[in-house]
Amino acid sequence: MTTKLILRSSFDYLFDQLNLLCEELKEKEISYSSYYQLPEIKSEDEKKAPEEIQVTKILGNEAFEKCLSGFTDVFVGQKKSSKILTRHPGLIAIDDIDGKIKSRLIEVNKSKEQFKNTVLEINNNDARFEAVHNAIPNLITLAAYRKIHFEDAIPYSVRFTWMKKHSTTTLSKKVALEMLNKSSGYSNPRVIDQQSWQQIVELEKVRLSSLGEKTKLRIKRPTRVTPEVNVRFTAKNRYHVSGALPFILLNPQKETKIGSLNNFSSKNEDVRKKDYSYLIERIYLENLE
């Protein structure tokens with residue numbers, strides 16, 4: 001069997017499982033459903049970490065339908081950006097006395113893992129991209145990998161929050177100095193004049209030059225935040241998972257407290273001052289020693 005057929009077969013099985021899950025969910029008694037619609041990301045905003053995210057809360061049948069659509073949202077379609085995954089935070093609380101939904105969820109996540117492993121067997125990145133998109137046109141591969149999280153115990157609460165993510169790069173003192181030398185030639189007359197800018201960069205270079213030649217440095221730059229689901233049983237017994245897809249709470253009980261995903265604002269949390277001490281704050285440069 002060719003690589004194309006293997007990939008297509010693995011994906012078709014995965015997508016069949018997703019569709020079966022959606023059909024079986026429709027047959028069950030829904031206790032509660034919420035969906036938190038996020039603004040669509042445009043291609044020109046792909047490299048920007050938003051400072052504000054407005055969340056639209058949807059409840060009831062409309063929320064349930066949007067959750068189901070989120071599970072099968074793995075193709076580019078009409079999206080304005082194919083590089084940033086569309087997040088579908090939400091929650092479905094559903095009766096599953098016979099365990100049918102739990103079994104299906106286990107099989108869905110298993111098929112996602114198998115498809116991912118099949119893709120990763122192709123070692124070369126370019127060859128992998130070509131093979132996947134030749135076998136399954138317009139597929140957003142990472143979207144197909146995303147696990148559907150669920151809980152069948154009785155937690156004290158299921159709440160939503162925003163998780164901070166970072167892009168991390170390690171570098172040497174020499175490379176960091178080269179970076180500063182390049183940046184001294186940049187200018188933005190609307191913000192600061194060129195002479196003042198160069199003075200700032202020179203002070204940064206002096207600070208960096210005082211370090212040992214073998215100093216380990218890291219740039220830990222905040223990127224866009226992503227929704228997260230926090231499941232709590234007790235103060236010490238809790239866990240959190242990605243909220244990129246709707247969370248499913250099986251056999252819900254009235255005592256479980258259900259939270260909502262609030263709007264995000266970077267003003268509410270200064271990640272630099274709270275968590276990090278930067279050598280050069282402007283570029284998020286840290287001294288690891």
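In this predicted model, a residue is called buried when its relative accessible area is under 20%.

Q: Which residues of strand 11 point one way, and which the other way?
A: Phe 247 and Leu 249 point one way from strand 11 (residues 247-250), while Ile 248 and Leu 250 point the other way. All are buried, so each has under 20% relative accessible area. As a general rule, side chains in a regular strand alternate between the two faces of the sheet.

Q: What makes strand 4 and strand 11 a pair?
A: Pairing needs at least two bridges, and strand 4 (residues 90-94) shares four with strand 11, in the parallel sense. Ala 93, for instance, has Leu 249 as its bridge partner.

Q: How do you know that strand 5 and strand 11 pair?
A: Two bridges join strand 5 (residues 150-151) to strand 11, again in the parallel sense. The threshold is at least two, so the two strands count as paired. Here Glu 151 has Leu 249 as its bridge partner.

Q: Why is helix 1 called roughly antiparallel to helix 3?
A: The axes of helix 1 (residues 3-26) and helix 3 (residues 100-120) cross at roughly 160 degrees and come within 9 Å. Angles over 145 count as roughly antiparallel, so the label fits, and helix 1 is roughly antiparallel to helix 3. The crossing is left-handed.

Q: Which kinds of residue make up the contact of helix 1 with helix 3?
A: They divide into 14 nonpolar, five polar and five charged. Among them are Leu 7, Phe 11 and Leu 14 of helix 1, and Ile 101, Val 108 and Phe 115 of helix 3.

Terms used: Residues numbered from 1 in each chain as written. Predicted model: local features only at pLDDT ≥ 70, side-chain atom pairs only at ≥ 80, totals over all residues. Heavy atoms only, no water. Buried < 20%, exposed > 50% of the residue type's maximum accessible area, 1.4 Å probe, protein only. Axes fitted to C-alpha atoms, helices over the stretch in contact; angles between N-to-C directions. Parallel < 35°, antiparallel > 145°, perpendicular 65-115°, else oblique. Left-handed = near helix turned anticlockwise from the far one by under 90°. Contact = heavy atoms within 4.5 Å. Nonpolar A, V, L, I, M, F, W, Y, C, P; charged D, E, K, R; others polar.
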